[in-house]
Amino acid sequence: MITHIFLDVDNTILDFNKAEAIALEKTLSALSVPHSPEVIRRYSQLNLAQWKLLEQGKLTREQPEVYLQKVRRYRLLFDELKTDASPEEAARIYEGLLGQGHYFMDGAVEMLQALYGSFHLYLATNGTASVQKSRLKSAEIEPFFEQIFISEELGCNKPETSFFERCFATIPDFKKEEAVMVGDSLTSDILGGIRAGIRTIWFNKDLKESSGEIRPDHTIKALSELPDLLHSM
């Protein structure tokens, strides 16, 4: 029986892609940098590459390079755009804008309402603490969760086993066999849950192909499927 549920935030509960695009468009406008849907997509690719380095352990949060990576994604983008706008200023503006407001994934609020009171709910997210806390406060969903675990505060990232072990250590009478990780990322949420020894549910709304090497216990394509699945596990 499942009693403890760890939920990812970005692109599981909150629509990070939409928030990213809006914050980036405003950032580039503030710096008078021309932008287009193609530019937004290119930034997203560069940004994802930096997060993959953290997931793969090629960077750690203790390294000064983590800050440089936040700036580097803009330096790479601006080099491609042949603009002399400041990457440092872009990083500062963007981070402030990203923490403003929120956008829910379809069915996220209804899913939380259905689970609340029947399970112990926790948020488990990679990201910058100030940004994530601002978005969660705006979304007004903090009361649903008993604890909120943010990688920057824990000092390690999903899929590192240490991320999950530090979460587990704070939960009284925690049993791995009664826990599940739910998220959209195979390489972060699902791999992390597998390494930590808990069950996993992949939120695969875009019907992506699995790599074959990372196998979730269950897959859902809509958040509305989650309550019934959890009650059956």
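A disulfide here is a pair of cysteine sulfur atoms within 2.5 Å. Keep that cut-off handy, since the tour of this predicted model opens with the cysteines.

**Stop 1: the cysteines**

Search the whole structure for disulfides and you come back with zero. To see why, select Cys156 and Cys167 and show their side chains: the sulfur of Cys156 is 7.7 Å from its closest cysteine sulfur, the one in Cys167, and that is too far for a bond. Turn it round and start from Cys167, and the nearest cysteine sulfur is that of Cys156, again 7.7 Å away. Switch on a surface and look for the pair. Cys156 is buried, at a relative accessible area of 3%, and Cys167 is buried too, at 0%.

**Stop 2: zoom out**

Now go to cartoon view for the whole protein chain. You should be able to pick out ten helices and six strands. Along its principal axes the C-alpha trace spans about 55 × 35 × 35 Å. How does the radius of gyration sit beside that of a compact globule? For 233 residues, a compact globule would come out near 17 Å, and this chain has 18 Å, which agrees. Colour by accessibility and 48% of the 233 residues count as buried. If you draw contacts between residues at least 6 apart in sequence, 65% of them join residues at least 24 apart.

**Stop 3: Asp8**

Zoom in on Asp8, in the loop between strand S1 (4–7) and helix H1. Is Asp8 buried or exposed? Buried, with a relative accessible area of 6%. Show side chains and you'll find a polar contact from the Asp8 side chain to that of Thr12, at 3.0 Å. Then select what touches Asp8 beyond its neighbours within four places in sequence: the set includes Ile13, Leu123, Ala124, Thr125, Met181, Val182, Gly183 and Asp184. Lys158 and Asp189 are also among these contacts, and they are where we go next.

**Stop 4: a salt-bridge network**

Side chains of opposite charge can pair when their charged atoms come close. The count for this structure comes to ten salt bridges. One of them joins the side chains of Asp8 and Lys158, with 2.9 Å from N to O. Asp8 sits in the loop between S1 and H1 and Lys158 in the loop between H7 and helix H8 (161–168), so this pair ties together parts that are 150 residues apart in sequence. Asp8 and Lys158 are both buried.

Keep Lys158 selected and add Asp189. Their side chains meet in another salt bridge, at 2.6 Å from N to O. Lys158 is in the loop between H7 and H8 while Asp189 is in helix H9 (residues 186–196), so the two tie together parts that are 31 residues apart in sequence. Lys158 and Asp189 are both buried. Show Asp8, Lys158 and Asp189 as sticks: salt bridges that share partners join them into one network.

**Stop 5: a salt bridge within one helix**

For another setting, jump to helix H4 and select Arg92 and Glu89. The two lie three residues apart, about one turn of the helix, and form a salt bridge whose closest N and O atoms are 2.5 Å apart. How accessible are the partners? Arg92 is exposed, with a relative accessible area of 54%, and Glu89 is partly exposed, at 30%.

**Stop 6: helix H8**

Select H8 and pick out its buried residues: Phe163, Phe164, Cys167 and Phe168. Look down the axis of H8 and they fall within an arc of 130°, so they line one face of the helix. Cys167 from the opening stop is one of them. The buried residues pack against S1, S2, S3, H7, strand S4 (179–183) and H9.

**Stop 7: helix H6**

Finish with H6, residues 129–139, where Ala129, Val131, Gln132, Arg135, Leu136 and Ala139 are buried. Down the axis of H6 these buried residues fall within an arc of 165°, so they line one face of the helix. What covers them? Colour the surroundings and you'll see, among the elements that cover them, helix H1 (16–30), helix H4 (87–98), strand S2 (120–125), strand S3 (147–150) and helix H7 (151–154). Before you close the viewer, check the backbone of Glu140: just after H6, Glu140 takes a positive phi of about 60°.

Technical notes. Residues are numbered from 1 along each chain as its sequence is written. This is a predicted model: local features need pLDDT of at least 70, side-chain atom pairs count only at pLDDT 80 or more; totals for chains, interfaces and linings use all residues. Side-chain values use heavy atoms; hydrogens and water are left out. Buried means under 20% relative accessible area, exposed over 50%, partly exposed in between (1.4 Å probe, protein chains only). Helices (H or I, at least four residues) and strands (E, at least two) are DSSP runs, numbered from the N terminus. The arc is that of the directions from the helix axis to the C-beta atoms. Contact means heavy atoms within 4.5 Å. A polar contact is a pair of N or O atoms within 3.5 Å; within protein, one must be able to donate a hydrogen and the other to accept it, and residues adjacent in sequence count only if both atoms are side-chain atoms. A salt bridge is a side-chain nitrogen of Lys or Arg within 4 Å of a carboxyl oxygen of Asp or Glu. The radius of gyration is taken over C-alpha atoms; the globule rule is 2.2 Å times the number of residues to the power 0.38.
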